[in-house]
Amino acid sequence: MRPLIVQMQMSVDGRVASSGPPWSLWNFGWDGDWPWDAQLKRRFNAGFERADAIVLSRPMAEEGYIEHWTRAGERRPEPEFEFARRIAALEKIVVSQRIERAPWPRTRIAGGALAQAVNAAKAEPGRGLLCFGGTRFVAALTAAGLVDEFEFYLNPAAAGSGDSIFPEAGLALELLDSQAYACGMVVNRYRPR
């Protein structure tokens with residue numbers, strides 16, 4: 001059974017948002033000034049070696065995730081952008097009941113109910129599934145008990161507002177690994193208890 005690994009950036013107060021603050025507060029800027037230190041960039045790239053497929057929400061796919069990182073991998077030959085080339089090379093699984101055929105290369109649509117679609121992908125042989133999506137998608141995966149591991153990239157800022165991926169009742173987590181980096185980021189890996 002392949003584990004589903006959610007990888008997400010958030011603020012130290014556990015908030016995620018798609019626009020406005022906290023983005024402006026975070027150590028973020030993939031195409032311009034990317035303030036992550038070299039050690040953190042290496043770790044981020046190594047994370048893609050743990051997976052043989054990427055699970056995406058429909059909005060993430062439709063808003064250009066696949067095209068953006070495919071282009072970035074083609075135009076950025078630096079070793080720190082190896083993750084972009086991995087995104088292009090890995091199979092993408094888009095969870096959607098609205099899309100019938102994938103217009104993106106190396107991508108398939110997993111239709112039907114969320115739990116059924118994700119459990120079918122997890123049951124396939126392989127190393128793991130990296131998951132990227134917005135807060136509603138990740139919250140739905142979390143509430144359904146489908147996430148095997150969370151890898152949080154904590155930015156050295158408190159957003160004060162924004163969405164959370166956790167249910168209101170909370171979720172007990174077991175810490176697997178924690179590493180602080182010179183740029184101020186901390187990466188924490190957890191699994192649900």
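In which element does Lys41 lie? Lys41 lies in helix 1, and we will come back to this residue once the overall picture is in place. First, a word on what you are looking at. This is a predicted model, where local features need pLDDT of at least 70 and side-chain atom pairs count only at pLDDT 80 or more, while totals for chains, interfaces and linings use all residues. Residues are numbered from 1 along each chain as its sequence is written, and side-chain values use heavy atoms, with hydrogens and water left out.

Let us start with the whole protein. The protein holds 6 helices and 8 strands; helices (H or I, at least four residues) and strands (E, at least two) are DSSP runs, numbered from the N terminus. Followed from the N terminus, their order is β-α-β-α-α-α-β-β-α-β-α-β-β-β. The C-alpha trace spans about 45 × 40 × 30 Å along its principal axes. The radius of gyration of the protein is 16 Å, which agrees with the value near 16 Å for a compact globule with 193 residues. That radius is taken over C-alpha atoms, and the globule rule is 2.2 Å times the number of residues to the power 0.38.

How much of the protein is buried? Buried residues make up 48% of the 193 residues, where buried means under 20% relative accessible area, exposed means over 50%, and partly exposed is in between (1.4 Å probe, protein chains only). The accessible surface comes to about 9,400 Å², with 51% of it belonging to carbon and sulfur atoms. Such areas come from the Shrake-Rupley method with a 1.4 Å probe, and for residues only the protein chains shown count as cover. Among contacts (heavy atoms within 4.5 Å) between residues at least 6 apart in sequence, 69% join residues at least 24 apart.

The charges can be added to this picture. The protein has 23 positive and 23 negative charges, and their mean positions are 3 Å apart. Here Lys and Arg count as positive and Asp and Glu as negative, with His and the chain ends not counted. Each charge is placed at NZ of Lys, CZ of Arg, CG of Asp or CD of Glu.

Now back to helix 1 and Lys41. With 12% relative accessibility, Lys41 counts as buried. Leaving aside neighbours within four places in sequence, Lys41 is in contact with Trp34, Trp36 and Glu80. Helix 1 (38–47) also appears among the elements that cover the buried residues of helix 4, together with strand 2 (53–57), helix 3 (65–75) and strand 3. In helix 4 (residues 82–89), those buried residues are Phe83, Ala84, Arg86, Ile87 and Ala88.

Further along the chain, Arg106 sits in the loop between strand 3 and strand 4. Most residues other than glycine have a negative phi. Arg106, however, has a positive phi near 50 degrees. This residue is partly exposed, with a relative accessible area of 48%.

Next comes helix 5 (residues 114–123), where Ala117, Val118, Ala121 and Lys122 are buried. Seen down the axis of helix 5, these residues fall within an arc of 130 degrees, so they line one face of the helix; the arc is that of the directions from the helix axis to the C-beta atoms. Turned away from that buried side are the exposed residues Gln116 and Ala123. The cover over the buried residues of helix 5 includes strand 1 (4–11), strand 4 (107–110) and helix 6 (135–143).

Which residues of helix 6 are buried? They are Thr135, Phe137, Val138, Leu141 and Thr142. Viewed down the axis of helix 6, they fall within an arc of 165 degrees, so they line one face of the helix. On the other side, Arg136 and Ala143 are exposed. Helix 5 is one of the elements covering the buried residues of helix 6, and others include strand 1, strand 5 and strand 6. Just after helix 6, Gly145 takes a positive phi of about 70 degrees.

Our walk ends with two residues from the later strands and loops. Pro156 is in the loop between strand 6 (149–155) and strand 7 (173–180), and is partly exposed at 45% relative accessible area. Although their places lie 146 residues apart along the chain, the C-alpha atoms of Pro156 and Met10 are separated by 9.3 Å. Asn188, in strand 8 (residues 186–192), is buried with a relative accessible area of 8%. Beyond its neighbours within four places in sequence, Asn188 has contacts that include Phe150, Phe152, Leu175 and Asp177.
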